[in-house]
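Biologist: I've got the coordinates open. Can you walk me through what stands out?

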Amino acid sequence: MTLTEWTIKTARDVLDGQRRGWRGYTAFAGAAVIVSIAFVDPGNFATNVQAGAKYGYGLLWAVLLANLIAMLFQALSAKLGIVTGRNLAELCRERFGLPVTLAMWVISEIAAMATDLAEFVGAGIGLSLLFHIPLLVGMAITGVIVYGILMSGQRGFRPIELIIGGFVAIIALCYIVEMFIAPVDWATAAIHSVVPQIADPDALLLAVGIIGATVMPHAIYLHSGLMQSRIPPRSESDRRRMLRISNREVVGALAVAGAINMAMVIMASAAFHAGHSEVAQIETAYNTLTPLLGVAAASVFLLSLLASGIASSAVGTMAGQMIMQGFVGFTIPIWLRRLVTMAPAFVIVALGVDATQALVVSQVMLSLALPLPMIALISLTRRADIMGTFSNGRLQNRAAILGTLAVLSLNLILVLDAAGVAIPGLRAAG
């Protein structure tokens, strides 16, 4: 019996009441863990390092807000897949008109390229610093490693879930170590986690980037696809039980991802804000950590960046393939999919664009693309003709609408600021 077959059998036994105990419930864990890697990808490293270095603990509230919004929308996405047996992209094609479907597909593909930019550049930076090789060579090596991980998916869903789960564990362990090394002001960090503050337009750009790096368009699409056929429910009772288990997994997996993100900002604040607030590049952060906090801190930072880049790139490819199949009804070979979406990253690096700044801009692009899948998900999960008795309740709808409005508001402020419109309460940069 393969790992995937064992997982399905164990989950089936739990649903049928033939197996009890926490070990049986581990068979249901995996989808939210895969999705969680999207919330700790190299784009997060770029935005979080800049946020902590320049603004100290001041943007921790944005990390917490983004994580809460992510929990809600990933839970809704998982629910859509469990209840309907369809993924978000497929339902958009079926329920919306052709012009809307094509527009959503094009925007989703652009978002996939922005995602790949962050992931490949991040992993490439890690390999470049570790082995002292050119960045482009590091990115090419990343592509080969990612292809090997994706091939494990030919044996079912469980091997790749375990591989990605291992990478998440490595990243989490790295930041537990960092918290023991960095001199953290925990009281100040706690205050800024719940008190919103935007000091200037650059802080606004980073806040939007943090949300774009945390609430990911491709993750919203992917979660429904991972759940649609993983453990097929046989009855309404099965669906209710699977939804309860899924919600717990979402909260648990994204709480870990959120804690890692906050730890990134806290580490950057503790290490750089007091005397090195100009640190903006990942390479500079790595090189500066060694004299400030020692070789161990720098090495742990580099290891977490590598794990993040490799794992998130694999997850991004999975999402891109599922989105393409859902919207336009066809697939392409994994190697070709990988080549198409990683090409822009190689072009940008070859042109000499600053790698870390490109990462931050890519996250802002993701944030601007984010409202479409959020609105589509709310629209579909609130409909009784699609979800039956599992359609959103009033509280879920209100919370989802508020989350979407929060993203739209930050995006609007960003666009107005870029257009030179004076925004009350926003100080001029500098």
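Modeller: Let's start with burial across the chain: of its 430 residues, 57% count as buried, where buried means under 20% relative accessible area, exposed over 50% and partly exposed in between, with a 1.4 Å probe and protein chains only. Bear in mind that this is a predicted model, where local features need pLDDT of at least 70 and side-chain atom pairs count only at pLDDT 80 or more, while totals for chains, interfaces and linings use all residues. Residues are numbered from 1 along each chain as its sequence is written, and side-chain values use heavy atoms, leaving out hydrogens and water.

Biologist: What is the secondary structure of the chain?

Modeller: Helices here are DSSP runs of H or I of at least four residues, strands are runs of E of at least two, and both are numbered from the N terminus. On that count the chain comes to 20 helices and zero strands.

Biologist: What radius of gyration does the chain have?

Modeller: The radius is taken over C-alpha atoms, and the globule rule is 2.2 Å times the number of residues to the power 0.38. For 430 residues a compact globule would have a value near 22 Å. The chain agrees with that, at 21 Å.

Biologist: Which residues of helix H12 are buried?

Modeller: H12 covers residues 217–227, and 11 of its 11 residues are buried, so it is largely enclosed by the rest of the structure. Here's the roll call: Pro217, His218, Ala219, Ile220, Tyr221, Leu222, His223, Ser224, Gly225, Leu226 and Met227.

Biologist: Which backbone oxygen does the side chain of Gln74 reach?

Modeller: Gln74 sits in helix H5, residues 60–84, and is buried, with a relative accessible area of 1%. Contact means heavy atoms within 4.5 Å; leaving aside residues up to four places away in sequence, Gln74 touches Val35, Phe39, Ala219, Ile220, His223, Val250 and Leu254. At 3.1 Å, the side chain of Gln74 reaches the backbone oxygen of Ala219.

Biologist: Now the other end of the scale. Is His132 buried or exposed?

Modeller: His132 lies in the loop between helix H7 (98–131) and helix H8 (135–151). Its relative accessibility is 72%, so His132 counts as exposed.

Biologist: And what is the phi of His132?

Modeller: Most residues other than glycine have a negative phi. His132 goes the other way, with a positive value in a residue other than glycine. Its phi is near 55°.

Methods: Polar contact = N/O pair within 3.5 Å; in protein donor to acceptor, adjacent residues only side chain to side chain.
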